Amino acid sequence: MTSTTSNSPLVGQVAVVTGAGRGIGKAIALTLAELGSHTVLCGRSRQALEQTAADIQNSGGQNSGRGAGKSSVIECDVTDLHSVESLAERIERTFQRLDILVNNAGIGVPGGPLHQLAPDDWDRVLNTNLRGVYYCIRSLAPLMINSKARNGHIINISSLAGKNALPNGAAYAASKWGLNGLSYSVAEELRAHNIRVSVICPGSVHTEFSPHPGKNAEKMLQAADVAHAVAMIVTQAPQSFASEILLRPTRKP
Ligand SMILES: NC(=O)c1ccc[n+]([C@@H]2O[C@H](COP(=O)([O-])OP(=O)(O)OC[C@H]3O[C@@H](n4cnc5c(N)ncnc54)[C@H](OP(=O)(O)O)[C@@H]3O)[C@@H](O)[C@H]2O)c1
């Protein structure tokens, strides 16, 4: 791939994507690398992250643990504050800057009425989808502020389940409604630092996340569609702030 300012508008920028080993996070990481940023790939499974790094390399970027190429792999569990803080320390040491943070890592829980949900499952989903985003913002926003990002972005991957009722998925819905409230509030806190905090709420996306029985996969949203929304956000003019994107399939799957 030839690098030009027009097709690589993020050259010189550093991006972090949580949950970059598969699904939506992988598609976002590939897109941000294609747009020219050095993309830090995070998740719990190193093998999956290495595969994303290889795919970035094969599509024209370079993977380098020293931060000289188009992607780096850093194992990180967003539910573990020490793990997230050590991610932040490594990014600060290696790059001395952070421009884009995509909080994508998320999980679901087995479907069923809330009164039958095990407390451990409640904790797992809230700790990943909501507390994990808090940990990432707590650990990484200071670096974004201190590196005086001219066009900083924090993009939280929520869900239409954060806008609507989700019977038999109340804990997941609660985590995403909470994430939306967190996003709107932090957006106001960080505006003055030139950091735009936005939230993307997709409907069902064709990934390994959960089975979608009876849905036509071809009509469903694809991971690349969410990545496209991320690309739109990070390539906006500096004065423009698309704070929320609700993403639906064109035709009902
Ligand atoms: N698929 C959908 O229908 C859909 C619709 C709307 C919104 N979303 C949201 O989109 C996001 C991505 O979903 P997806 O469909 O791509 O799911 P996915 O294919 O299951 O991928 C989830 C990613 O999150 C990572 N992850 C999970 N727990 C983690 C943790 N504690 N620390 C770090 N990484 C963790 C996983 O990697 P490891 O397991 O290796 O850590 C994996 O890379 C989620 O926030 C989900 O809620 C999905």
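**Exercise 1. Work out how β6 pairs with β7, and how the chain gets from one strand to the other.**

Step 1. β6 pairs with strand β7 (residues 244-247) in the parallel sense, over four bridges. Strands pair if DSSP finds at least two bridges between them. Helices (H or I, at least four residues) and strands (E, at least two) are DSSP runs, numbered from the N terminus.

Step 2. Take one bridge: P202 has L247 in β7 as its partner.

Step 3. Follow the chain. From β6 it passes through helix α6 (residues 223-234) to β7, and this β-α-β crossover is left-handed. Right-handed would mean a clockwise path from the first strand over the helix to the second, with the strands pointing away from the viewer.

A note on the source: this is a predicted model, where local features need pLDDT of at least 70, side-chain atom pairs count only at pLDDT 80 or more, and totals for chains, interfaces and linings use all residues. Residues are numbered from 1 along each chain as its sequence is written, and side-chain values use heavy atoms, leaving out hydrogens and water.

**Exercise 2. Describe the pairing of β5 with β6 and the unit they make with α5.**

Step 1. Strand β5 (residues 152-157) runs parallel to β6, joined by six bridges.

Step 2. Within this pair, R196 in β6 stands opposite H153.

Step 3. Add helix α5 (residues 170-190): β5, α5 and β6 form a right-handed β-α-β unit.

**Exercise 3. Is β6 buried or exposed?**

Step 1. Fix the cut-offs. Buried is under 20% relative accessible area, exposed over 50%, partly exposed in between (1.4 Å probe, protein chains only).

Step 2. Eight of the eight residues of β6 (residues 195-202) are buried, so the strand is largely enclosed by the rest of the structure.

Step 3. Check each face. In a regular strand the side chains alternate between the two faces of the sheet. Here I195, V197, V199 and C201 are buried on one side, and R196, S198, I200 and P202 on the other.

**Exercise 4. Find polar partners of the ligand and state how much of the ligand is covered.**

Step 1. Look at the backbone. An N or O atom of N104 lies 2.8 Å from a ligand oxygen. For G19 the distance is 3.2 Å, again from a backbone N or O atom to a ligand oxygen.

Step 2. Look at side chains. An N or O atom of K176 is 3.0 Å from an oxygen atom of the ligand.

Step 3. Of the 890 Å² of accessible area that the ligand has on its own, the protein covers 96% (Shrake-Rupley method, 1.4 Å probe).

Note on methods:
A polar contact is a pair of N or O atoms within 3.5 Å; within protein, one must be able to donate a hydrogen and the other to accept it, and residues adjacent in sequence count only if both atoms are side-chain atoms.
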